[in-house]
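Let's take a walk through this model, beginning with one small pairing and working outwards. Keep the viewer open as you read.

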Amino acid sequence: MKKNQQGRALHARVAHSGGRDSVWRWLQGLLAGAVALWSGSVMAASCTGTDLMAAMPGDEQTRLEAAVGKVPYHQGVLWRATRGDAEITLVGTLHLDDPRHHQTLDRLSETLDSAAALYVEAGPEEMAKLNQALAEGTLLLVDEGTPALSQRLNPDEWEAVSSAMAERGIPPQATAVLRPWFVILMLGMPPCLVRSADGSGELEGLDGLLIERAQQSGLPIHALEPWETLFTMFSDLTVEQELDMIRASILAGTYADDYAVTLTEAYFAGDVWSVWEFMRLEEYRSARFTRDEVDEQFALAQSSLMDQRNQQWLGPLTAGAEAAAAEEKGIVAGFGALHLPGEQGVLKLLERDGWAIERLD
């Protein structure tokens with residue numbers, strides 16, 4: 001089968017499986033990183049796993065806590081930022097369904113009622129554009145004119161990648177011709193999420209609940225970035241960097257259901273940054289890369305998935321809050337929780353820009 005025929009077949013497979021919206025929501029979390037990124041005990045029956053952080057030996061938990069403790073705003077998912085009369089209520093989201101999200105939504109109810117607008121990573125208009133691009137096959141998921149991925153990875157790496165992708169419903173012959181960025185992002189998606197996708201197109205997780213609530217009350221919804229952002233943010237990577245990121249994703253791809261459970265439990269405990277550092281420690285322990293190589297890959301992923309986007313979001317958030325202040329209102333911003341912490345996280349960026357930060361949860 002020629003590559004363009006494989007591409008059309010792959011687009012059809014994704015569209016038929018109902019995976020397109022699930023892929024989008026997972027990409028936003030990332031990850032982000034999220035990645036993207038959850039509790040098997042409260043998801044669909046097909047989603048099960050182990051909380052790996054809870055099972056860590058005491059000495060490893062101590063190392064994890066020390067690493068996390070150095071990161072600004074590493075704990076908490078609900079915050080308020082104020083500067084003069086301008087006010088932003090920020091909520092770090094998890095992009096998958098969980099009944100505990102309704103408690104957060106209830107807590108935000110009055111704030112949403114009095115807000116001028118809701119800001120999210122991607123709103124209904126962006127989702128519609130994504131679905132159209134997927135239906136038309138214009139996302140260029142197939143890597144034309146380059147050697148197949150099966151030829152660029154060594155046999156053991158290819159076996160691990162192709163097996164993990166097969167668990168997500170994509171056969172080896174399709175994986176071989178996919179663009180590396182799509183493979184990276186798919187490896188971050190738990191197989192349980194793919195298995196439970198029903199094709200309904202419903203928005204998932206706290207993001208979806210916030211958008212639904214805004215639509216019901218007529219609250220304007222603004223996207224923080226264009227719909228195609230998550231499909232172009234790897235465009236500056238070299239070929240070797242792409243392959244290194246695939247190699248670094250193998251461990252997460254193999255244990256993605258467990259990582260999903262681990263992330264969910266950490267999220268609802270407010271330990272936002274702990275999963276990022278946990279995954280770094282897991283890579284150290286795997287000994288597939290040197291510590292310096294692991295740190296380099298994590299820095300690259302953090303820059304691409306989070307830091308650069310955080311910088312770009314600051315302008316829309318500030319402008320929106322200042323416009324709302326003229327109406328004696330504030331705004332609400334909901335986005336993946338991993339965008340909140342860190343020296344380049346949204347909270348620290350706002351603080352440097354003169355905003356006072358207050359934790360609400």
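Start at Tyr119: its bridge partner is His222, which sits in strand 5. Keep in mind that you're looking at a predicted model. Zoom out a little and you'll find that strand 5 and strand 4 (residues 117–120) run parallel, paired over 3 bridges. In general, the strands of a sheet are held in pairs by backbone hydrogen bonds, in either a parallel or an antiparallel sense.

Now for the whole sheet. It's an open one with 6 strands in the order 5-4-6-3-2-7, and the pairing is mixed. Strand 5 (221–223) and strand 7 (356–359) are the edges, each pairing on one side only. On average, neighbouring strands in this sheet are turned by 25 degrees against each other, ignoring direction.

What lies across the sheet's strands? Helix 4 does, crossing strand 2 (78–83), strand 3 and strand 6 (331–336), and it runs at about 160 degrees to strand 3. The loop between strand 3 (86–93) and helix 4 (101–114) is home to Leu96. Is that residue buried or exposed? Leu96 counts as buried because its relative accessibility is 3%, and the cut-off for buried is under 20%. Its C-alpha atom is 9.0 Å from that of Thr264, a residue 168 positions away along the chain.

For another covered spot, try helix 9 (residues 180–187), where 8 of 8 residues are buried, among them Trp181, Phe182 and Met186.

Stepping right back, the chain has 17 helices and 7 strands. Of its 361 residues, 56% are buried. The accessible surface comes to about 15,200 Å², with 49% of that belonging to carbon and sulfur atoms.

Key:
Residues numbered from 1 in each chain as written. Predicted model: local features only at pLDDT ≥ 70, side-chain atom pairs only at ≥ 80, totals over all residues. Heavy atoms only, no water. Helix = DSSP H or I, 4+ residues; strand = E, 2+ residues; numbered from the N terminus. Buried < 20%, exposed > 50% of the residue type's maximum accessible area, 1.4 Å probe, protein only. Areas by Shrake-Rupley, 256 points an atom, 1.4 Å probe, with all protein chains shown as cover. Pairing = 2+ DSSP bridges. Axes fitted to C-alpha atoms, helices over the stretch in contact; angles between N-to-C directions. Contact = heavy atoms within 4.5 Å.
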